[in-house]
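Open the model in your viewer and keep the selection tool at hand. We will go from stop to stop, with a word at each on what to pick next.

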Amino acid sequence: MVYIIFIVIVIILLIIYNYANYKVPDSLKNIHSITFFSMLISQLMKREGGNAKIYSRCKEYFERDGIIKLYFRGKWICMITDLAVAKELCLRNDVFPKLMLDEILPNSAAERHFGVNVVHSNGDVWKRHRRVCNPAFKTLPIHLFVEKALKLMDILEKVDNKPIEVRDFMQRLTLDILGKVAFNFDFNNLEDPKNPYVTAYNEVQDVFRNPLISFLQLDRIPIINKLVFRKIDKLNNLFENIIKEKRKSLAAGHSNGDLLELMLKACEDPDNQMLSDTELRCNLAIFMVAGHDTTAMALSSLLYLLAIHKDVQEKAREEVLRLLGDNLTPSSEQHAALKYLNMVIRENLRLYPPAGGLTLRVLTEDLKLKNFLIPAGTPVSLFIYGIQHSPKLWENPEEFLPERFENEHENYSWLAFGSGSRMCLGNNFSLIEQRIVLCLLLRKYEISLPQNSIHKNELKFKNAMNPYPIDLIFKRRSE
Ligand code: HEM
């Protein structure tokens with residue numbers, strides 16, 4: 001009881017603390033707001049929400065003004081859907097540099113875990129990180145993707161024709177693939193989701209997903225900060241040990257082509273400046289969050305869409321069987337040849353972009369947008385979801401129509417992986433992963449939605465990255 005009273009008091013104090021800082025700057029007053037309390041309620045109550053909810057609540061303003069503002073950790077942030085600004089933001093890193101973690105989340109769990117890395121850096125520091133990371137993403141070890149995807153098939157083999165919660169399975173699969181491809185580490189999440197490595201990783205992800213921490217800044221309280229940092233340090237140590245071991249195995253002449261190995265080799269190139277072990281560790285940490293949940297989300301929503309659009313499922317399967325013949329997974333050339341499957345993947349990423357917005361930028365100059373003048377120093381982001389659902393840019397934007405990608409679309413209207421020099425470094429990684437998994441599943445199973453599914457009419461989300469559990473039935477096909 002005392003414990004509950006303590007928590008309630010802490011939450012009330014945090015709400016007061018956050019509300020006390022909640023003053024709208026005059027310059028942003030005319031921009032439509034999502035209020036502090038409505039953000040608070042949707043974060044804390046975990047009621048139906050996500051990007052679709054933000055968009056539908058503010059659609060009128062996004063369509064009319066191309067901008068709204070919302071309150072996050074003591075700052076007012078502008079979310080933009082105006083296409084001309086989208087283009088500028090993607091092309092002009094000098095005017096729209098990234099907002100660094102020590103500015104938006106000082107002394108937080110995120111800053112301690114991710115530090116400065118290829119996603120959170122600017123200018124020459126970013127170039128140094130990117131030069132070391134780039135070669136690693138050019139030659140991806142596809143056999144490692146296949147190895148893990150086949151493990152998923154072994155597991156599915158045992159559950160024919162019964163509902164399976166795909167979000168959980170996809171998260172376990174994508175973690176295993178990332179661990180293997182990024183640093184040859186077997187999280188073994190598909191077979192043993194309770195093992196200590198998976199637990200250490202999930203404990204840290206739960207910290208980032210916890211709205212009391214991310215939204216109300218509970219981690220500012222010293223005792224909680226200490227507890228959270230202990231979890232972060234455990235995972236940081238795991239990554240640091242992986243780097244040390246990798247150095248040793250490279251020195252002993254072993255090689256398996258994972259990303260970390262290629263990054264260490266790139267550090268030896270006299271044309272590149274080295275990354276320290278801490279910088280390498282921060283990059284591994286950011287690859288994990290950038291590449292794990294995003295691809296898991298993409299695969300989950302796509303399997304759902306295939307389950308409710310049997311015609312698309314059949315057409316995609318027909319293409320896979322026709323092109324791959326007896327091959328279970330596509331060869332490097334076949335990845336590009338899977339034209340229809342690629343359109344299906346793109347359309348899913350349009351409807352359900354796993355990254356609903358870009359990482360935050362901070363304006364270095366005043367920005368004029370229609371009648372608004374947003375002053376330098378304001379944090380801004382592009383609301384990808386809003387752009388990809390705009391009826392001005394897409395015909396019947398709420399419909400799943402892969403065929404729309406047979407035609408050109410307006411530049412910057414599809415931004416699932418961002419654009420410009422800060423575009424996703426792992427887009428190919430994710431697309432290869434998605435195609436391999438889809439080819440295996442489509443060949444072997446017919447996918448459908450159980451009659452009593454809560455997602456019968458639409459995919460229902462708790463928050464941006466979290467739909468309610470998605471049970472799907474995988475029925476073995478007779479070939
Ligand atoms: C469906 C899956 C994915 C989606 C939707 C996605 C989305 C994005 C987006 C929108 C950006 C641009 C961020 C910005 O400009 O603010 C980005 C950047 C990035 N992504 Fe991804 N991503 C995915 C998978 C991956 C994977 C698998 C990895 C690595 C293993 C990865 C690594 C990165 C990195 C390192 C950057 C930063 C690039 C830079 O700033 O130079 N992503 N991603």
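Start in the loop that runs between helix H19 (384-388) and helix H20 (427-444), and select Cys424, which lies there. Bear in mind as you look around that this is a predicted model. In the UniProt record, an unreviewed entry, Cys424 carries the annotation "binding site". Is Cys424 buried or exposed? Neither quite: it has 18 C-beta neighbours inside 10 Å, so it counts as partly exposed, since 20 or more would make a residue buried and 12 or fewer exposed. Now show its contacts: leaving aside residues up to four places away in sequence, Cys424 touches Phe417 and Gly418.

Stay in the loop between H19 and H20 and move to Asn396. Its phi is near 40 degrees, a positive value in a residue that is not glycine. Asn396 counts as exposed because it has 9 C-beta neighbours inside 10 Å.

For another asparagine with positive phi, jump to Asn107, where the angle is near 55 degrees. Asn107 sits in the loop between helix H5 (101-104) and helix H6 (109-114). With 11 C-beta neighbours inside 10 Å, Asn107 is also classed as exposed.

Next, colour the sheet. Its 5 strands are ordered S1-S2-S3-S8-S5, and the sheet is open with mixed pairing. Which strands stand at the edges? They are strand S1 (33-34) and strand S5 (361-362); each has a single partner strand, so one side of each is left without a neighbour in the sheet.

Walk across the sheet from S1. S1 and S2 run parallel and are joined by 2 bridges; select Ser33 to find it opposite Lys69 in S2. Then take strand S2 (residues 67-72) with strand S3 (residues 75-80): here the pairing is antiparallel, over 6 bridges. Ile67 faces Ile80 of S3 across this pair. S2 and S3 make a hairpin with 2 residues between them, and Arg73 in the turn has a positive phi of about 45 degrees. On to strand S8 (residues 379-382), which runs parallel to S3 and is joined to it by 3 bridges. There, Met79 stands opposite Ser381.

Keep Ile80 selected as you turn to the interior. The largest nonpolar core has 118 residues, and Ile80, Ala86, Leu284, Leu303, Leu382 and Ile384 are those that touch the most other members. Add Leu284 to the view: apart from residues up to four places away in sequence, its contacts are Ala182, Phe183, Phe239 and Leu260.

The last stop is helix H7 (residues 123-138). At 1.5 Å a residue, its 16 residues should span 22 Å, and the end C-alpha atoms are indeed 22 Å apart, so the two agree. Look along H7 for a bend of about 30 degrees at Arg131; a proline, Pro135, follows within four residues. Which residues of H7 are buried? Select Trp126, His129, Val132, Cys133 and Ala136. An α-helix has 3.6 residues a turn, so residues three or four places apart point the same way. To see what covers the buried residues of H7, display helix H13 (259-268) and helix H14 (277-291), which are among the elements that do so.

Methods
Residues numbered from 1 in each chain as written. Predicted model: local features only at pLDDT ≥ 70, side-chain atom pairs only at ≥ 80, totals over all residues. Pairing = 2+ DSSP bridges. Expected span 1.5 Å × (residues − 1). Bend = angle between axes of the 7 residues up to and from the residue. Contact = placed C-beta atoms within 7 Å. Core = buried A, V, L, I, M, F, W, Y, C linked by C-beta atoms within 7 Å. UniProt positions renumbered as here; feature names shortened; annotations may be inferred.
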